[in-house]
Amino acid sequence: MASKYHDDWQSSKKTVLQRNAYMFDNELMSDVSFTCGKSSRIFHAHKYVLATSSAVFYAMFYGDLAQKESTIRITDAEEESFEEFLRFLYTDNCKITAESAIGVMYLAKKYLISPLAEKCCKVLEASIKPDNVFVVLEQAIHFDEKMLEAKCWNIVSVETLECINSEAFCNIGSHTLNALLKNEMLEITEVHLFTAVLKWVDNECARQGTNVEDDIGARRRVLGDNVYEIRFLEFSQEDFAKYVPPIGILTETEIISIFRAFNGVDVAGLKWKDQGKRRPRTIGFSRFELAGVTGSWGYSGNKDALTLVVNKAVRFHGVRLFGNADGSQYEVKFTIKDKDNVTGTNTSEQDNDGLWGYDVMLPKPISLLPNEEFTIIAAIKGPNSHSGTNGKTTVKVDDIVVTFKDAPSGLSPNGTSTISGQFYKLFLSSV
């Protein structure tokens, strides 16, 4: 797509950006060129533009060991990805799709173009679905993109069966499989998880050219120590007998030991422990000092709102709202992040702290990312309730730190603020 030189092209370009865009993949004044992978296409470029965008390119062209070749082959990039990568360096813009984002992000990371890497992450975040989540997760781990990784794990936790039934699941690395098996928050039975793991094992054996029918120990070798993360003691004895012994991933001694454990025998040295069902450990905490919960709080149909920030990726399960000591009913529409909401009628009951209120829980927990502000809103109808005073600006529970802020102007007309009002407790779990 190299442009031909024509006289006085500069006068038609009114800005630096327009002039730079004209020079994109233009042989005019080009002093370096690139080819990608097995493609024969030549990209024309300008060392000055590349070096002012990337410390890596600066070292390549102007450092002590500067390359002298006029054409450089980028063996680890596809033509389409490199074109958009180069376009960004010239125009501050490019066309990134869900399909191309991983390839472009690889180049952005390789050549230290952080704004482009951030752009790719946003595209990937918006495109995460159960059928591609493991593809994105592997790249997030590889590129150390913690927020993107947290979003992926949240999808896996909430829609586990759909995720592990995807074709992409069979191509994950052993380290990702290990993290999955250690995950406490999977919405799936152990038997369904085991059948998916077996599918992964057989796919990996086939990739290595091993016939599992001829080599009975192949599955165990491929699975490695991940076998100890499978919660066999959460199977029924019937399911264990049906699915596990025939496939050769456990020795006869291990099978007998697990059957003995099923029947209450304490087996010395057994590496499979009764870890219990996978479920998140939900943390509930108050944002008020108990002595500060007094008075009454009236409702006239207006909303109470509060803004929160967390220090690490968590899952948000719901809130406890104040009620009154008469056991009254309250109609509530609870909203978080402008989309997830719960509507229903709730009865005020006394909790273990001696305070009256009621829980409003989301049907499915949602993911909250570090340093992301989000606002919770409750539109309540009912009699006056208790309320909180002397609210805390931050609360730390384990390694989770929640910071409270007043909601944006106009979102809390009923009066809830950082120091007073509604939202007695919050319920979170770690990702």
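Here is a guided walk through the structure above, from its early residues to its later strands. Keep in mind that this is a predicted model, so every value along the way is computed from predicted coordinates.

Let's start with the loop between helix H1 (16–23) and strand S1, where Asp25 is found. The phi angle of Asp25 is near 50°, a positive value in a residue other than glycine. That is worth a second look, since most residues other than glycine have a negative phi. Asp25 counts as buried because its relative accessible area is 0%, and the cut-off for that word is under 20%.

Asp25 is also part of something wider: a network of salt bridges links Asp25, Arg41, Glu79, Glu83, Glu84 and Arg87. One of the pairs in this part of the model is Arg41 with Glu79, whose closest N and O atoms are 3.4 Å apart. Arg41 sits in the loop between S1 and strand S2 (43–45), while Glu79 belongs to helix H4 (residues 79–91), so this pair ties together parts that are 38 residues apart in sequence. With a relative accessible area of 22%, Glu79 is partly exposed. Another pair is Glu84 with Arg87, where the closest N and O atoms come to 3.0 Å. Here both partners lie in helix H4, three residues apart, which is about one turn of the helix. Glu84 and Arg87 are both buried.

How many salt bridges are there by this rule? The count comes to 19. If you would like one with its partners less hidden from view, try Arg221 and Asp215, whose side chains meet at 2.6 Å, N to O. Arg221 is exposed, with a relative accessible area of 54%, and Asp215 is partly exposed at 26%.

Back in the early part of the chain, look at strand S1 (residues 32–36), which runs parallel to S3 and is joined to it by four bridges. To place one of these bridges, find Thr35, whose partner in S3 is Arg73. Strand S3 (residues 71–74) has two faces: Ile72 and Ile74 are on the covered one, and Thr71 and Arg73 are on the uncovered one. Pairing of this kind works through backbone hydrogen bonds, either parallel or antiparallel.

Now for a stretch of surface. Tyr48, Tyr58 and Tyr62 make a nonpolar patch of about 390 Å². Of these, Tyr62 lies in helix H3 (residues 55–62) and counts as partly exposed, at 42% relative accessibility.

A little further along, Leu112 gives another case of positive phi in a residue other than glycine, with a value near 60°. Leu112 sits in the loop between helix H5 (101–110) and helix H6 (114–127). Is Leu112 buried or exposed? Leu112 counts as exposed, because its relative accessibility is 55%.

Moving on to later strands, you will meet an open sheet of five strands in the order S4-S16-S7-S11-S10, with antiparallel pairing. Strand S4 (283–286) and strand S10 (349–350) stand at the edges with a single partner strand each, so one side of each is left without a neighbour in the sheet. Strand S4 is joined to S16 by four bridges, and the two run antiparallel. Gly284 is a handy marker here, as its bridge partner in S16 is Phe427.

Within this sheet, pick out Leu321 in strand S7 (residues 314–322). Leu321 is buried, with 0% relative accessibility. Beyond its neighbours within four places in sequence, Leu321 is in contact with several residues, among them Val332, Trp356, Tyr358, Ile380 and Phe423. For a sense of scale, the C-alpha atoms of Leu321 and Gly103 are separated by 47 Å, with their positions 218 residues apart along the chain.

Our last stop is Thr418, in the loop between strand S15 (400–405) and strand S16 (425–430). Although in a loop, Thr418 counts as buried because its relative accessibility is 9%. The side chain of Thr418 makes a polar contact of 2.7 Å with the side chain of Asp406. Leaving aside neighbours within four places in sequence, the contacts of Thr418 also include Arg287, Leu306, Gly391 and Phe404.

Definitions and conventions: Residues are numbered from 1 along each chain as its sequence is written. This is a predicted model: local features need pLDDT of at least 70, side-chain atom pairs count only at pLDDT 80 or more; totals for chains, interfaces and linings use all residues. Side-chain values use heavy atoms; hydrogens and water are left out. Patches are made of residues with over 30% relative accessible area and no salt bridge: like charges are joined within 9 Å, nonpolar side chains (Val, Leu, Ile, Met, Phe, Trp, Tyr) within 5 Å. Accessible areas come from the Shrake-Rupley method with a 1.4 Å probe; for residues, only the protein chains shown count as cover. A salt bridge is a side-chain nitrogen of Lys or Arg within 4 Å of a carboxyl oxygen of Asp or Glu. Buried means under 20% relative accessible area, exposed over 50%, partly exposed in between (1.4 Å probe, protein chains only). Two strands pair if DSSP finds at least two bridges between them. A polar contact is a pair of N or O atoms within 3.5 Å; within protein, one must be able to donate a hydrogen and the other to accept it, and residues adjacent in sequence count only if both atoms are side-chain atoms. Contact means heavy atoms within 4.5 Å.
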